[in-house]
Amino acid sequence: MQSILIQIRSRLKEILVLMVQQLMMLFPIKKNKLFFYSYYGAQYGCNPKYITEYIRKHYPEDHFRLVWAFHQPDEKPNLPGVKKVKTMSLSYFYELCTSKVIITNFRTTNLFRKRKGQYYIQTWHSSIRLKKSEKDTEASLPTKYVKMAVEDSEKCDLLLSGSQFSSELYKRAFWYDGEIFEHGTPRNDLLVCHDLTERQRILKKLDLSEKDKVLLFAPTFRNHHKVDIYDLDYRLILKTLNEISSANWNILVRLHPHLYNEGAHLAMPEKVTDVSKYDDTQELLSIADILITDYSSLMFDYSLTRRPCFLHTPDLKEYLEKERGLYFQICDLPFPHALNNEQLIKQMQEFDDGIFQQKLEQFMKETGSYEKGEASYNLVKKIESICYPASNLQTNQSKPIQIQ
């Protein structure tokens, strides 16, 4: 009986939402209005953030009308030139239905009805995938999700790709046959263009000194929700790093968004900080001198910095048996991988950067990386042509300069 009531409430909610959208569609589409949301409104981050920041930096405030949707807009930073709306509110539906371009990094649900004249950009949330996804793992996906994914791909006008590998994946497994924008991913511009001023700002935000060294531990999610698998020997890692480099090292731990509140269950000694609720993972990657992860595709983003990355995979056998399959064999990746803390320490002690760089370069050639630090520049030019198709507008947008 309870399940029936839940289904009825869900259906009534859907009908109400569709009625509200039909009403909002009576208002005209604003040709220069861009609507953004990231992870369904959970954060100000990923590719939608970096597109927004590029526009705010390079364009007059009235050139585009920028709208962001959040679950808790009052908890998000003040963004001059950006209107914030609460997801599923009347303002949310009005802005969504009257925007010319909709930009998100996740699948849209059946509650999004795309209007004629609107343009939907799907940025996705990785440049290269490690774990199999979408149609390549369809048998393990809920039927409801597959239906949603197929419908989302049909609505999509443009899909961003960070590599030739990803382009082929989208064609094969994303139920998508539209335009693929092969210019890299906006969130990775930060990692390609090494901006020292930006690094100083982020370190200050984290209450770290410019002289500090940072190791970021960013593991991915497991379906069993257990957190003991994430327990590194932090003290031994810090001791090893201090011996290798004679620097002041700090460890930042960022758990997957599904585990934001689980950091308290991990034993974190001094100089180890839980940053799981930090909105922007790319900022953390940009200031990290070393990354330790496991099966997260963040390893591919981080590889653009050319800095050392280690894989800690103590549950490799179990993960391969019970989780989604992988597109690459762990041993074929350019990153050293360890099955326990002892192996991890040994690999850090014996790390050879020359060999690592050679393997990394070969991997990038094989996957056909498009990441040149110019993704935002190229995409915003595309967006401008959509909003102002017959204009030859002069803006202060210039090609980004890579800062080494």
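**Close-ups of two parallel sheets**

**View 1. Strands S1 and S4 side by side.** Strand S1 (residues 30–37) runs parallel to strand S4 (residues 99–104), and five bridges link the pair. For a spot to zoom in on, try Lys-30: its bridge partner in S4 is Ser-99. Keep in mind that this is a predicted model.

**View 2. The seven-stranded sheet.** Pull back from that pair and you get an open sheet of seven strands, paired in parallel and ordered S3-S2-S1-S4-S5-S6-S7. Strand S3 (82–86) and strand S7 (179–181) are the edge strands, and each of them pairs on one side only. On average, neighbouring strands here are turned by 25° against each other, ignoring direction.

**View 3. A helix across the strands.** Here helix H3 (residues 90–97) lies across S1, strand S2 (65–70), S3 and S4. Its angle to S1 is about 125°.

**View 4. The six-stranded sheet.** Another open sheet has six strands, in the order S10-S9-S8-S11-S12-S13, again with parallel pairing. Strand S10 (272–274) and strand S13 (337–338) sit at the edges with a single partner strand each, so one side of each has no neighbour in the sheet. As background, strands of a sheet pair through backbone hydrogen bonds, in either a parallel or an antiparallel way.

**View 5. Strands S8 and S11 up close.** Strand S8 (residues 213–217) and strand S11 (residues 290–293) run parallel and are joined by three bridges. What does Leu-215 bridge to in S11? The bridge partner is Ile-290.

Conventions. Residues are numbered from 1 along each chain as its sequence is written. This is a predicted model: local features need pLDDT of at least 70, side-chain atom pairs count only at pLDDT 80 or more; totals for chains, interfaces and linings use all residues. Side-chain values use heavy atoms; hydrogens and water are left out. Two strands pair if DSSP finds at least two bridges between them. Helices (H or I, at least four residues) and strands (E, at least two) are DSSP runs, numbered from the N terminus. Axes are lines fitted to C-alpha atoms, for helices over the stretch in contact, and angles run from 0 to 180 degrees between N-to-C directions. Contact means heavy atoms within 4.5 Å.
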